[in-house]
Amino acid sequence: MSGDKFKYQGAGREYQKQLLTAWYERLQSAKDDGRKVAYLFVPGNIAEFLRVFDFELAFPEVNALQCGVRKTSGDLILKAEDVGYSPDVCGYVKNDIGMMLAGNISPSGTQLPKPDLLLCTYCGCTTFIKWFEALAHYYDVPLVMLDVPYLRSNTIEEDDRQYVVSQLKELAVICEKITGKNYDHDKLVDITRHSAEAEDLWVQILHSAKHKPSPFDSYFEAVFFMAPIYVLRGLPECTDYYRQALMEIQERIEHGIGPIPDEKFRVVIEGPPPWPHFRSFWELLKKWGVCAVASSYSKVGGFWDHGFRHDPTRPLESIADYCLTCYTNLNLPMRTELLHSYAEEYSADAIVIHSVKSCRSFSVGQADMREQFIRKWDIPTLLIESDLADPRYFQVAQLRNRIDAFFESLEHKRLVHA
C-alpha cells in the first residue's frame, strides 16, 4: 500500500509511534523536570482527573503487554517466581514485579520512574488490589484505592455514581498535597472535551468493521489502534492521532482493502491476546481468512461504541460512569449478552474465546458463556486456552489443531448448505 493512491496508509502508525516514544521519554525525565508520576490501571482509569494536576501517567499492564510482544516477559516472570510468586498469579503482575526487580527498565529501554502515587481503580479485578499493595510495599509510596461498585444492572444507580464522585473529591485533596497544584475544574472540562472528541473518532473506526469485507480487525489491529486512547486520552495529540487513523480506515473502505485480503469468516473474539505469541496466534486464524469484526478486549478500557462519552458539562460524573461501566465491572450475563449483540450487529459467523490461564477477571465463566452461545443462540463457538504474558502456556500444535478443526467444520457446513 504505497504511492499516491494510498495517501494515509501507515501515517497514523508512524504518528502513534512518535507519540508513545515521547510518552516514555517524558516518564524517564519526569523526576529531573520536577513532575510527579502516578501509576494506574487501564480499566476504569481516571486519566483526565490526574492530568488536572499534571501527573505523568504510567500503566503497568501496558508495560507488561509490550514486554510480552518483545518476548522479554518470560524472564521477568521467572524473577517474580524466584521471590515467591505462584505460577497461578496473573502474568501481568509477575511481569511488573520482575521488571521492577530488574531495574524498572521499560520495554522501550527507558528508565521508568518510581511513582509518587499508586492509584488503584478497583473495577472488577481483585488482583488489582493485591498488585498495587505489593508495589506500595516495594516503592514505599502512597496507595489510594478508588472503590468502584459492580454494575448490578444495565442502568447506573445514582448512589453509585455519587459514591465514586465523592471519592474523586477526596482524591483531589491528596493530589494537591503531592503535586502542589490546585484542582482546576475548568481545566478538567477542557481535558474531557478532548477525550470526547477522540472517543467519537475511535467509535467510527470500530464501527467500520460492519463493512464487508471489514477494513479493520477489531482484535489484532485494534490493540495497536487503541493504545493512545488509554495512555494519552485527554491530550490534544491523542485526538489528532485518531483523526489520522480514521482517514486511513476511510481510505481502506474506498479502495476495498483490509487486514484479511480474502475474508472468509467474521468472528467476535473474547479475552486478551497471548502477547508473547501474538503474531503466531494471528497467523493461525489468518490462514482461514478470519477477521475479528468485534472483540471484548478492545472495550476493556471503555464502551464508547455503546454511547458513553466523557462529558465536559459534567466531567466528574462522567468519569464515575466510565469507571462503573468498564468491561471487567460487568457481571457474566451482561458480558454474554454484549458478545451476542456484537455477533448480530457485525454479522459474525462465530465467536472465539481465548481463555487466559492467569486472568480470572476474563476467564471465570467463559465455559458457561460458550454453552449459552451454542445452545441458546446456535452460534458456533471455539474456546482455546493459553496466557496473556507467560510464554510457557502457548502450545502452538495444540492450538493449531483446535483452530483448524473448528474452521474446517464451519467450512464444511457452508458447503453442505450451499
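Which residue is the bridge partner of Val268 in β6? Select Val268 together with Ala294, for Ala294 is that partner. Keep in mind as you go that this is a predicted model.

**Stop 1: the pair β5 and β6**

Now widen the selection to residues 265-270, which make up strand β5. Strands β5 and β6 run parallel and are joined by 5 bridges. Besides the pair you began with, pick Ile269, whose bridge partner in β6 is Ser295.

Is β5 enclosed or open to the outside? Show the surroundings of the strand: 6 of the 6 residues of β5 are buried, so the strand is largely enclosed by the rest of the structure. To see this face by face, colour Phe265, Val267 and Ile269, which lie on one side and are buried. Then colour Arg266, Val268 and Glu270 on the other side, which are buried too, leaving both faces of β5 covered.

**Stop 2: the whole sheet**

Add the other strands to your view. β5 belongs to an open sheet of 4 strands, in the order β6-β5-β7-β8, and the pairing is parallel. The edges are β6, at residues 290-295, and β8, at residues 381-386, each of which pairs on one side only. Turn the view to follow the twist, which averages 30° from one strand to the next.

Next, bring in helix α14, which packs on this sheet. The helix touches β5, β6 and β7, the last of these at residues 350-356. The direction of α14 makes about 165° with that of β5. Leave α14 on display, as the tour returns to it.

**Stop 3: His306**

Select His306, in the loop between β6 and α13, where α13 covers residues 315-324. Partly exposed is the label for His306, because its relative accessibility is 45%, and that class lies between under 20% for buried and over 50% for exposed.

What does His306 touch, leaving aside its neighbours within four places in sequence? Show Leu338, Ser341 and Tyr342, which are its contacts. If you draw a distance between the C-alpha atoms of His306 and Leu338, you should find 10.0 Å, although 32 residues separate the two along the chain.

**Stop 4: the second largest pocket**

Stay with His306, as it is one of the residues nearest the centre of the second largest pocket, along with Leu151, Asn154, Phe303 and Leu330. This pocket holds about 340 Å³ of space and is lined by 15 residues. Helix α14 comes back here, giving the largest share of the lining with 4 residues. Colour the lining by type and you get 7 nonpolar, 6 polar and 2 charged residues.

**Stop 5: the largest pocket**

Now select Glu61, Val62, Leu65, Trp275 and Tyr297, the residues nearest the centre of the largest pocket. Its volume is about 1,100 Å³, and 49 residues line it. Several elements give two or more residues to this lining, among them α1 (11-29), α3 (60-69), α6 (126-139) and α14 (332-345). Which element gives the largest share? Highlight α1, which provides 8 residues. By type, the lining divides into 30 nonpolar, 12 polar and 7 charged residues.

**Stop 6: a cavity**

How many cavities of 30 Å³ or more does a search of the whole structure find? There is 1, and the largest cavity has a volume of about 50 Å³. To locate it, select its lining: Tyr150, Leu151, Arg152, Ser153, Thr155, Ile156, Glu157, Asp160 and Leu324. These divide into 4 nonpolar, 2 polar and 3 charged residues. You have met Leu151 already, near the centre of the second largest pocket as one of its nearest residues.

**Stop 7: strand β3 and its partners**

Finish at residues 117-122, strand β3, where 6 of the 6 residues are buried. Both faces are covered, with Leu117, Leu119 and Thr121 on one side and Leu118, Cys120 and Tyr122 on the other.

Add β1, at residues 37-40, which runs parallel to β3 and is joined to it by 3 bridges. Here Tyr39 stands opposite Leu118. Then add β4, at residues 143-147, which pairs with β3 in the parallel sense over 5 bridges. As a last selection, pick Thr121 and its bridge partner in β4, Leu146.

Conventions
Residues numbered from 1 in each chain as written. Predicted model: local features only at pLDDT ≥ 70, side-chain atom pairs only at ≥ 80, totals over all residues. Heavy atoms only, no water. 1 Å grid on protein atoms, 1.4 Å probe; cavity = no way out; pocket = protein on both sides within 12 Å on 5 of 7 lines; lining within 4 Å. Points joined across faces, edges and corners; volume = space filled by probe spheres on them. Nonpolar A, V, L, I, M, F, W, Y, C, P; charged D, E, K, R; others polar. Pairing = 2+ DSSP bridges. Axes fitted to C-alpha atoms, helices over the stretch in contact; angles between N-to-C directions. Contact = heavy atoms within 4.5 Å. Buried < 20%, exposed > 50% of the residue type's maximum accessible area, 1.4 Å probe, protein only.
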